Amino acid sequence: METAKTNGVKATSRLLVNYPEPYRSQILDYLFKPNFGASLQLLKVEIGGDAQSTDGTEPSHMHYENDENYFRGYEWWLMKEAKKRNPFIKLIGKDCRLLRYDASFVFISLTSNQLIGQGAYERNGEPQSLPWAFPGWIGRGMDWPYDYPDVTAYYIISWIIGAKKYHDLDIDYIGIWNERPFNSKYIKVLRKTLDRVGLKTLGIIAADGNWNITNQMLFDPYLYDAVEIV
């Protein structure tokens with residue numbers, strides 16, 4: 001089995017966009033240029049949810065159901081800067097609710113049996129949490145995005161399509177919910193909806209925080225087919 005391995009870190013790039021030149025470009029070069037500095041191969045960005053996420057409130061592309069704006073937030077800029085330096089870098093979009101600083105992550109592709117990324121980050125050995133959220137309209141006023149999986153899938157796919165339409169960015173993978181319980185129905189709805197709109201090659205990463213999803217995948221062939229990377 002051939003294995004491709006990359007090391008990753010959890011950090012914040014929120015302030016980077018405000019750095020003066022030439023320092024900002026130098027940092028970006030060290031992060032993303034191949035065979036130079038960190039040479040990162042994966043870039044995971046937050047899908048803003050109008051919630052406080054450590055360094056400020058990350059705006060959503062849809063404040064409410066009929067609102068769409070794909071120029072809010074710094075993540076679009078960061079993804080484009082990464083692609084300028086490495087056109088082959090993989091882009092991952094993820095909605096976040098709870099971030100623990102003692103987290104570690106390992107991505108294994110179910111289709112190629114490859115370890116495609118791993119990393120760990122610790123802060124004084126103590127877990128710290130920050131509430132990151134979906135906009136309230138997705139849960140119809142409740143802080144739970146799984147009650148209406150079609151609505152949540154529509155919200156996520158709108159972000160993916162907007163990335164391509166307005167920024168010419170192809171998202172390679174999409175996550176479920178940062179270190180929160182997964183919902184197999186939502187994952188299957190998301191996969192079905194992605195396929196229906198022509199995004200069959202976009203992979204789903206699930207779940208997050210532990211390996212419990214693998215137990216369900218063994219007995220649910222539809223869930224197994226929906227998830228590309230654990």
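# Exercises on a predicted model

The structure holds 12 aromatic pairs, where rings of Phe, Tyr and Trp (its six-membered ring) pair if their centres lie within 6.5 Å; planes under 30 degrees apart count as stacked, over 60 as edge-to-face and the rest as tilted. This is a predicted model, in which local features need pLDDT of at least 70 and side-chain atom pairs count only at pLDDT 80 or more, while totals for chains, interfaces and linings use all residues. Residues are numbered from 1 along each chain as its sequence is written, and side-chain values use heavy atoms, with hydrogens and water left out.

## Exercise 1. Aromatic pairs

Determine which parts of the structure the pair of Phe-71 and Tyr-166 ties together.

*Solution.*
- Step 1, geometry: Phe-71 and Tyr-166 are edge-to-face, at 5.7 Å centre to centre with 70° between the planes.
- Step 2, location: Phe-71 lies in the loop between β4 (57-58) and α2, and Tyr-166 in helix α3, so the pair ties together parts that are 95 residues apart in sequence. Helices (H or I, at least four residues) and strands (E, at least two) are DSSP runs, numbered from the N terminus.
- Step 3, exposure: Phe-71 is exposed, with a relative accessible area of 56%, whereas Tyr-166 is partly exposed at 38%. Buried means under 20% relative accessible area, exposed over 50%, and partly exposed in between (1.4 Å probe, protein chains only).

## Exercise 2. Trp-177 and its surroundings

Describe the aromatic pair that Trp-177 forms with Tyr-146.

*Solution.*
- Step 1: the two rings are edge-to-face, 5.5 Å centre to centre and 90° between the planes.
- Step 2: Tyr-146 lies in the loop between β7 (115-120) and α3, and Trp-177 in the loop between β8 (173-174) and α4, so parts 31 residues apart in sequence are tied together.
- Step 3: both Tyr-146 and Trp-177 are buried.
- Step 4: these two residues belong to one aromatic cluster, together with Phe-134, Trp-137, Trp-144, Tyr-155 and Tyr-186.
- Step 5: Arg-180 lies over the face of Trp-177, at 5.0 Å from the ring centre; a charge sits over a ring if NZ of Lys or CZ of Arg is within 6 Å of the ring centre and within 35 degrees of the ring normal.

## Exercise 3. The nonpolar core

Identify the elements that give two or more residues to the largest nonpolar core.

*Solution.*
- Step 1: the core has 49 residues, and those with the most contacts inside it are Ile-174, Ile-187, Leu-190 and Ile-213. A nonpolar core is a set of buried Ala, Val, Leu, Ile, Met, Phe, Trp, Tyr and Cys residues joined through side-chain atoms within 4.5 Å.
- Step 2: the elements are α1 (23-32), β2 (42-46), α2 (75-85), α3 (149-167), α4 (184-196), α5 (213-219) and α6 (221-226).
- Step 3: α3 contributes the largest share, 8 residues.

## Exercise 4. The sheet and strand β2

State the strand order of the open sheet and locate β2 in it.

*Solution.*
- Step 1: the sheet has 4 strands in the order β2-β5-β8-β9, with parallel pairing; two strands pair if DSSP finds at least two bridges between them.
- Step 2: β2 and β9 (203-204) stand at the edges, each with a single partner strand, so one side of each is left without a neighbour in the sheet.
- Step 3: β2 pairs with β5 (residues 90-94) over 5 bridges. Val-45 stands opposite Gly-93, and Lys-44 opposite Ile-92.
- Step 4: 4 of the 5 residues of β2 are buried, so this strand is largely enclosed by the rest of the structure.
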